[in-house]
Each structure stands twice: as structure tokens, then as C-alpha cells.
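Subject: Structure for your review

Dear colleague,

Please find below the sequence and structure that I am handing over to you. My findings follow it, and I would ask you to read them with the structure open.

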Amino acid sequence: MPMKSALTSSFLESSKFKKRHSVLIKLVDAMRDCGANLDLDIPTIVFCGNQSAGKSSLIEAISEIELPRSDGTCTRCPMEVRLSTSSSSWECVVSLRKEYDTNGKILDRPQEKYFGSVKAKKDVGLLVIRAQRALLNPERATDFFACVNLDDSPDDLQFTKNVVVLHIKGADIDLSLIDLPGIIRSVDDPNDNHLIPLVRSLVQVYIEKPKTIIVATISCKDDIDNQEVIQMAKSADPEGLRTLGVLTKPDTIELHCEAVWLELLKGLKYKLALGYTMVRNPSKKELLDGLTRTEARNLENQFFESTEPWRSLERDHKCQLGVANLSSELSDLLVRLIEINLPIMRETLQNSMESVDEQLSKLPRPLASNLQREYLDALQSLREHLDDVVSAKKNKDLYQAIMKESEEFFERIRQTRPKFVFGDKAPNDKDKLTYTDVQKLIRERKGRELPGHTSPEVTAEIIKVIRPKYFMTDILIFLLIRLQDPSKAMAGDNKNIF
């Protein structure tokens, strides 16, 4: 009975652990769907390696699907593979996520669009080829590549930063990873030399992010010092804290040359905090012979159990062999990384939301349905504001700002008034009026005024006859007085104008 209770408890703990795995990984996938990866450093597993290092075979082994294959580069854009456990039947849904425009500039908002789906694992490869070609020919309609027979016509682009997304439901494990194009070291055609830095820069963008786990695919067929992925991983992760080395093609190691790879596996050389894993995937011949996935995994197990020095590894290092151990390790690593960074991502998002809310609060309020009423209210508000500023009843900023200039202007206008002199005019006083001149004009314009009063028309006549250029002076001075003291002008007290 106690044994049964212990087994039940272990099963429940395992179920809860798997459920949490699934929830956390799906959360990160949802954040990436809405483009949060462009603003946040989201925990990610990225597979990179030299061209023909067996990277695509590794992705196939983990995801149990068939991907495009060719002698050259078969991955020509980033490919995101999302594996999720499900009680429903197996299905692969392919989407296209455009993060960059045709000029290579980041879009303000990523665009993810459904492309197609398949129910059989053997049909995934063709659908991925169609999806890649749709991204490599951005000027053509996406639907064209989803349904027509593909031809050998050249694509508009040789590589693209936009992403093919594979969501595989009904998988054996919850895991999300990104497969990048293989790093190119040389090209046959000199016209393709530009592809070398292009692919390097694409890989660099992904692996330099601090929250990215770098899965460096290293082929045992080539000298490790000559593999570009080692140098790039060191550059992005100098201390080797987030790099996991995966050794592929161990069946190609020459006899008595296993020592260097054994040292790597045991962490005695090129040390990495996440260590190394070794996998044995099917060769081209085995694939052409129709080797199934189950047969491939059995063959891998047989290889490590029967081949030295791997069969004699200590128990602690046995868990570093095989695709199954690698898949489990990657899933655990990703979940741990998500758990560590989830509070940081939440805080970053909260700060970003507060910043956006603050910016939105500064925008004008939205227009009402009655636009005519909106315009009238806006005009009324403007009129009241201008009246307040000009009258200086509440807001005296404008009045105080122009006070000095206003006084100077008033003085200049005042200096232009006619000048009256007593006695005879001097030869250079032809523009001045004498007392006799004014008396004469008053007598000539005498009307029915009361004794001691002079008609205002006399002043106007003097200015019109003697100095025509002063004709507008009374208006200007009136306006100036109105600005300085509205009460005087409104009361008609302008006797000091002249």
C-alpha cells in the first residue's frame, strides 16, 4: 500500500510539472505571436551551426517531422518550431510571421498569417518549402505558393529575416525552438559572396540576446577549430554560460581520433556551463533506404551501446547521449529560463504600459459624433482664451511681455503729432502751426457751438489741410490707448490725443 501511494504521488508531481512546462512555454509563444520579442528579450532556444553540420536532421529528430533537404542550404529563413502536447490528433499548422518589410526594416507591428496545415508528418516538408518560397518572394501573393505546383524559377530573395512558424500539436514534449540558416564559409559563385556576411548577421541578431540559449551544432566530421559556429558562440557568450554544444555525426569520427570529442563531452576542453550532448542521426543513405524515425532512434541507441568510447562512459555522462535526452534537457532549460525571467518581463511590460498610457493621456480627446458642435465649442474656447489674454483680466503674460514695446510704440506715435508754436514761424518751421493759424481756422469753421466750445471738426480740418500724413494718427493713437487702458477709449476720453 505505501508503495502504491508513493507511485501515485510521483505520478501527480510529474503531471503537475509537465502541465507547468506546457503553460510557461505556451505563454512565451503567445508573447512572441503579438510581437513582444521585438521589445522584450524573451527566453528562446536557437539552433545554429555551420552549413551541413546536421542541424536540420537534429530538428527533425526532436520534432519528428520531415524538413526540406538539399546538398546546399535548405534553411533560407528562420524557422520557429513549437511543440505542444495535446490529447487531440497530430497536426502541423504553418504560419508566416513578417517582422521586416521588403527593405529589411523592422515593422512597427509584426504580421502573422495562417499559411496551411497538414495531418501527416510526411507532408510537412513540402508545406515548409512552399512557406519559405512565399517569404522569399514578397511581391507575389502568399496564396499563390500555398496551392500551385512549384517550379524551379529563381526567388526574388536568397535569404529573408521573416519567419516560418510551425505549430505542432500532439507532440511528445512541450518545447519551442528556432532553427537558423547554416553559417556559410565559402561560395562557389563569386557573385554570392555577399551571402556570407548576410547569414552571419542574421545568426548574430538571434544569439547575441542575453536570454537566448545557443544550441551550437558541431559536426564531428570536421575539425572543431575550423567551425565558425564556435567562434560566433564565443563572441556572443564569452563566458559560455548559455551555450549548449551538440556533437553530431559521431559515426564519422576516424578510428583512434575519438579522444578530442570525448574531452569535449566530459567538459575537459572548450568548457561550457550547459555542457555538451552527442547525437547520432541517420545518414543520407539510411534516409534514402527509407529508415523510419523509430528505427533511427533504435539505431542511435545501438551505436552508443556498442561503440567505444561511448559505451564505456560513466553513468553521469550517459545522460549526454541521444536525442531523447537532448529534448528533455532543452525543455527543462527553457522552462527554468522562463521562470527566472518572468518577473523581469512582467516589470518591463508594466513600465512600458505605463509609459504608453502617459503618452496617450497627452493626446487630444477623441472627436464626438457631432463634429459641427465640436468645431463651435473649440472656436468658443479659443475666443474666450484670446479675450482673456488680450484683456489681461486673468492672464497677464501677453500684456507684460509687450509692455515695453507698447510704450515705445506709443511714444513714437505721440512724437508725430502736429506741433504748435507761439509767435512767428521760423524759416525751418514750415510744418508747425502758430496760435494765429489755429485761431483763424476756428473762426472760419465756427458753427452753432456754445460759447467757449470748439467743434471737433476743427482738429480734423487742421490735420487734413496742414499735414495729410497725420490723417491716420488719431486712429492709431486711439487703438494704442485702447490696448493700454480700454476704459478711457470706451469713455471717449481722448482729449489728450493731440
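Helix 3 is largely enclosed by the rest of the structure, because 11 of its 13 residues are buried. Please bear in mind that this is a predicted model.

The buried residues of helix 3 include Val124, Gly125, Leu127 and Val128 towards its start, and the run from Arg130 to Leu136 is made up of Arg130, Ala131, Gln132, Arg133, Ala134, Leu135 and Leu136, which are buried as well. What covers these residues? Among the elements that do so are strand 2 (79-84), strand 3 (91-100), strand 4 (106-118), helix 4 (142-147) and strand 5 (163-169). The length of helix 3 (residues 124-136) can also be checked: at 1.5 Å a residue it should span 18 Å, and its end C-alpha atoms are 18 Å apart, so the two values agree.

Strand 1 (residues 44-49) is mostly covered too, with 6 of its 6 residues buried. Thr44, Val46 and Cys48 point one way from the strand, whereas Ile45, Phe47 and Gly49 point the other way, and all are buried.

Which strands are joined to strand 1? One is strand 7 (residues 212-219), which runs parallel to strand 1 and is joined to it by 6 bridges. In this pairing, Cys48 stands opposite Ala216. Another is strand 6 (residues 175-179), also parallel to strand 1, with 2 bridges between them. Here Val46 stands opposite Ile178.

I turn next to the empty space inside the model. Rolling a probe the size of a water molecule over the atoms shows where such space is left. A search of the whole structure finds 3 cavities of 30 Å³ or more.

The largest cavity holds about 50 Å³ of space. Its lining consists of Ser56, Leu67, Pro68, Cys74, Thr75, Met79, Val128, Gln132 and Asp179. By class, these are 5 nonpolar, 3 polar and 1 charged residues. Two names in the lining, Val128 and Gln132, have already appeared above as buried residues of helix 3.

The second largest cavity has a volume of about 40 Å³. Tyr100, Lys161, Leu202, Val205 and Tyr206 line this cavity. Helix 5 (residues 195-207) supplies the largest share of that lining, 3 residues. The lining has 4 nonpolar residues, no polar ones and 1 charged residue.

Yours sincerely,

A colleague

Technical notes
Residues numbered from 1 in each chain as written. Predicted model: local features only at pLDDT ≥ 70, side-chain atom pairs only at ≥ 80, totals over all residues. Heavy atoms only, no water. Buried < 20%, exposed > 50% of the residue type's maximum accessible area, 1.4 Å probe, protein only. Helix = DSSP H or I, 4+ residues; strand = E, 2+ residues; numbered from the N terminus. Pairing = 2+ DSSP bridges. 1 Å grid on protein atoms, 1.4 Å probe; cavity = no way out; pocket = protein on both sides within 12 Å on 5 of 7 lines; lining within 4 Å. Points joined across faces, edges and corners; volume = space filled by probe spheres on them. Nonpolar A, V, L, I, M, F, W, Y, C, P; charged D, E, K, R; others polar. Expected span 1.5 Å × (residues − 1). Contact = heavy atoms within 4.5 Å.
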